[in-house]
Amino acid sequence: MRLLILGCGGFVGSHLLDRMLARTDVEIEGWDPDRTKIAKHLENPCFTFHQVPCIDGVELRRLEERLVGADALINLAAICNPSQYNTRPLDVIRTNLFDSYPVVEACARANKWLIYFSTSEVYGRTLSSYLKTESNDPDLYELRENQTPLIMGPIVNQRWTYACAKQMMERILYAHHATTGMPFTIVRPLNFFGPRMDYIPRCAGEGVPRVLACFMAALLRGEPMQLVDGGKARRTIVAVEEAVEAIARMLDMPNKAKNQIFNIGNRDNEITMRDLAEMMRDVFAEITTEPKYRSHPIVDVSGEDFYGTGYEDCDRRMPDLTQAETLLNWRPKRSLREILLPTMRDYLTRYADLAQSNETAVAS
């Protein structure tokens, strides 16, 4: 099997390389601006790496040449940080839509299978949220790949730039399949957690990362954990290794995976952001053997204060997993606590000393 992977050096890409390069029947050619998380694979004769910031005209020609002998192209490249959706809206739209479009066209010309990583954010807000009342009717909140309407907020809420760009790419893929016959698979991830996740601000990056890294930064620095709009939003969380297993099954069962859309998540791990913060305090107390973290301060902050003007949140993401279960025979099993333990230990290993020394330098 020969694979081309855009964004191979990121969080998901690095775990996908771990999974696929452990096999003897796979060759991979990858593109990414960063090699940090995949350093151990750079000398692997079955892996060819191109460290480039983007797919420009030169790299697109190289990509088209490689497509001739490839079985599939996996596109993981994206700007996918909620803090940037309303603060860098043009960059978010350009990267996730216009920079991806030539890749789709290249796959269509070559009639090659494109596995496109979209996002569960394309679902927008649930129907239940617009009724402004709690509902136990799954038709009002459950996310079904081929049935659920995709409902975004108003234009002034630029938080939806990312979701809209990803939705447009999904429609382009589907239109190409209907028009040119290009095979595709769309993956809608639902909160993958695991080692090698987001950076810690002021240590290895700037700006506001996603929720788990924000909570970890607060724990590592002894600062209050900030809950956006009361932490009422609910998410489902799946182990990145289990998610990568789903991708491997797609590759091994192309007749089942082609021309399908898959939610990849874990229904059993639904949690509010407030409960996630409290669970992370307990887990951090366990891995540091410091009971004081069980009462680490948690404070509320508005979405506008935390993310800036134009922010609006998804209320709930409860995936229907029938597609993945029936076509791929894939079912996630790890509990949320089982996922948090190695993820948080990884953060502690990577950032504990750096976070403390950084704060000392700032204070002085």
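This section describes burial, contacts and aromatic pairing at selected sites of a predicted model.

Helix α8 spans residues 211-221 and is mostly covered, with 10 of its 11 residues buried. The buried positions begin with L212, A213, C214, F215 and M216, and they continue through A217, A218, L219, L220 and R221. Just after this helix, G222 adopts a positive phi of about 75°.

A second site of interest is A106, a residue of helix α5, which covers residues 101-110. The relative accessible area of A106 is 1%. Because the threshold for burial is under 20% relative accessible area, A106 counts as buried. When neighbours within four places in sequence are set aside, A106 is in contact with L60, E64 and L67. The position of A106 may also be described relative to I38: the two residues are separated by 68 residues in sequence, and their C-alpha atoms lie 26 Å apart in space.

Aromatic side chains were examined next. The count of aromatic pairs comes to seven. One of them joins Y174 and F184, whose ring centres are 6.0 Å apart and whose planes meet at 70°. Since planes over 60 degrees apart count as edge-to-face, the pair formed by Y174 and F184 is assigned to that class. This pair links distant parts of the chain, with Y174 in helix α7 (residues 161-180) and F184 in strand β7 (residues 184-189), 10 residues apart. The two partners differ in their exposure: Y174 has a relative accessibility of 52% and therefore counts as exposed, whereas F184 is buried, with a relative accessible area of 1%.

An edge-to-face arrangement is also found for F284 and Y293. Here the ring centres are 4.6 Å apart and the planes stand at 85°, so the edge-to-face assignment follows. Both F284 and Y293 are buried. Elsewhere, F306, Y307 and Y311 are linked into a cluster by ring pairs.

Aromatic rings also take part in arrangements with charged side chains. The charged end of R125 is placed over the ring of Y130, at 4.1 Å from the ring centre. In a further case, R159 lies over the face of W160, and the distance to the ring centre is 5.2 Å.

Definitions and conventions. Residues are numbered from 1 along each chain as its sequence is written. This is a predicted model: local features need pLDDT of at least 70, side-chain atom pairs count only at pLDDT 80 or more; totals for chains, interfaces and linings use all residues. Side-chain values use heavy atoms; hydrogens and water are left out. Buried means under 20% relative accessible area, exposed over 50%, partly exposed in between (1.4 Å probe, protein chains only). Helices (H or I, at least four residues) and strands (E, at least two) are DSSP runs, numbered from the N terminus. Contact means heavy atoms within 4.5 Å. Rings of Phe, Tyr and Trp (its six-membered ring) pair if their centres lie within 6.5 Å; planes under 30 degrees apart count as stacked, over 60 as edge-to-face and the rest as tilted. A charge sits over a ring if NZ of Lys or CZ of Arg is within 6 Å of the ring centre and within 35 degrees of the ring normal.
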